[in-house]
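Please look over the sequence and the model shown here before reading on. The notes that follow are grouped by topic.

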Amino acid sequence: SHKFENSFFILNLIDTPGHVDFSYEVSRSIASCEGALLVVDASQGIQAQTISNLYLALEQGLEIIPVLNKIDLPGAMIEEVSDQIIDLIGCKKEEILHVSAKDGIGIENLLEEIINKIPPPLGDDTKPLQAMIFDSVYNSFRGIEVLFRVFNGKIKKGDKVKFVNTGKEYDVDEIGILKLKKESKSEISSGNVGYLISGIKNAKEVKVGDTITHSINNTVGAIKGFEDVKPMVFAGIYPVDSSDYEELRNSLEKLQLNDASLVWEPETSAALGFGFRCGFLGLLHMEVIRERLNREFNLELIATAPSVVYRVNLQKGIQKALHNPADLPDPTLIE
């Protein structure tokens with residue numbers, strides 16, 4: 001909470017990755033918010049991925065606050081980058097906030113601007129519960145912690161809730177708000193952000209973008225159109241030691257929790273044995289997943305060369321998806 005003009009304001013802040021390979025997470029975070037900070041590095045200028053994320057925010061109708069960061073660096077190009085921001089979003093020069101996160105310059109002004117410009121969340125506590133999952137984290141002791149934003153209604157400890165897209169029902173063991181440490185609460189009302197623990201063990205039951213409601217509400221629809229993610233690049237991931245196969249499966253399930261854009265299915269190879277065919281949003285996404293499997297789960301892995309999926313139209317109107325050139329059917333069967 002932040003004190004401003006003798007009132008206390010609660011600010012819920014979500015940080016998203018900037019890279020275009022993580023646009024799915026960005027879209028879910030943006031759907032949970034009323035406004036967005038367009039943070040531009042004064043020493044680098046506007047990057048292509050910043051523009052694509054800006055368009056996502058504008059499509060959702062969010063209030064945009066332009067921020068010029070790292071103004072303390074010797075290589076900061078304040079005038080040139082300010083002109084780039086003006087060209088991009090058509091704001092006035094004095095609307096761009098100058099900030100150095102490292103030195104704490106301009107942070108007070110930024111918080112005041114958020115309170116003045118970004119509208120407070122709308123929501124009705126009396127309506128049926130509607131909350132959106134924007135992230136989830138695996139806790140080895142408590143199961144899966146679901147992070148959500150309440151749009152309508154209230155959620156209380158001990159409630160029985162249902163996830164709309166999976167249809168699964170759970171008892172709410174603990175809810176709370178996210179400060180630097182988690183702080184448990186007895187209820188969370190509309191407009192607020194919080195976490196939910198209900199002993200969920202299976203990662204596939206939690207989908208980022210899903211809607212939470214009370215089990216008794218059969219008419220509550222999903223918020224803002226839940227979409228399954230579309231992977232662009234595919235590669236096989238195999239354990240160096242074949243006895244690590246089950247360990248790799250468990251690790252992929254845990255990773256999928258806070259990265260809903262990771263898609264995988266079991267696959268076998270004559271040369272490499274049992275492994276998984278994984279779908280990624282791009283090459284950086286693939287590198288990050290491989291690195292995380294290695295660092296966080298101590299797995300030694302072999303990855304095949306990344307490829308895209310080809311769709312082949314066969315005669316009689318049949319369509320086939322090919323992951324491997326070796327699977328190409330006889331040319332006489334291809335339309």
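Leaving aside its neighbours within four places in sequence, I155 is in contact (heavy atoms within 4.5 Å) with L129, F148, V150, V161, V172, I175, S186, E187, I188, L196 and H214. This is a predicted model, in which local features need pLDDT of at least 70 and side-chain atom pairs count only at pLDDT 80 or more, while totals for chains, interfaces and linings use all residues. Residues are numbered from 1 along each chain as its sequence is written, and side-chain values use heavy atoms, with hydrogens and water left out.

**Nonpolar cores**
- The largest nonpolar core, a set of buried (under 20% relative accessible area, 1.4 Å probe, protein chains only) Ala, Val, Leu, Ile, Met, Phe, Trp, Tyr and Cys residues joined through side-chain atoms within 4.5 Å, has 19 residues, of which V146, F148, I155, F163, L196, V206 and I212 touch the most other members.
- At least two residues of this core come from each of β6 (130–139), β7 (143–152) and β9 (160–163), strands being DSSP runs (E, at least two residues) numbered from the N terminus.
- A second, separate core of 17 residues includes I237, F280, I289 and L299.

**Around D159**
- D159 lies in the loop between β8 (155–156) and β9, and its side chain reaches the backbone nitrogen of K156 at 2.8 Å.
- Leaving aside neighbours within four places in sequence, D159 is in contact with K154, Y170, D171, V172 and H214.

**Strand β4**
- In strand β4 (residues 63–69), 6 of the 7 residues are buried.
- Strand β3 (residues 35–41) and β4 pair (at least two DSSP bridges) in the parallel sense over 7 bridges, and G35 has E63 in β4 as its bridge partner.

Conventions. Buried < 20%, exposed > 50% of the residue type's maximum accessible area, 1.4 Å probe, protein only. Helix = DSSP H or I, 4+ residues; strand = E, 2+ residues; numbered from the N terminus. Polar contact = N/O pair within 3.5 Å; in protein donor to acceptor, adjacent residues only side chain to side chain.
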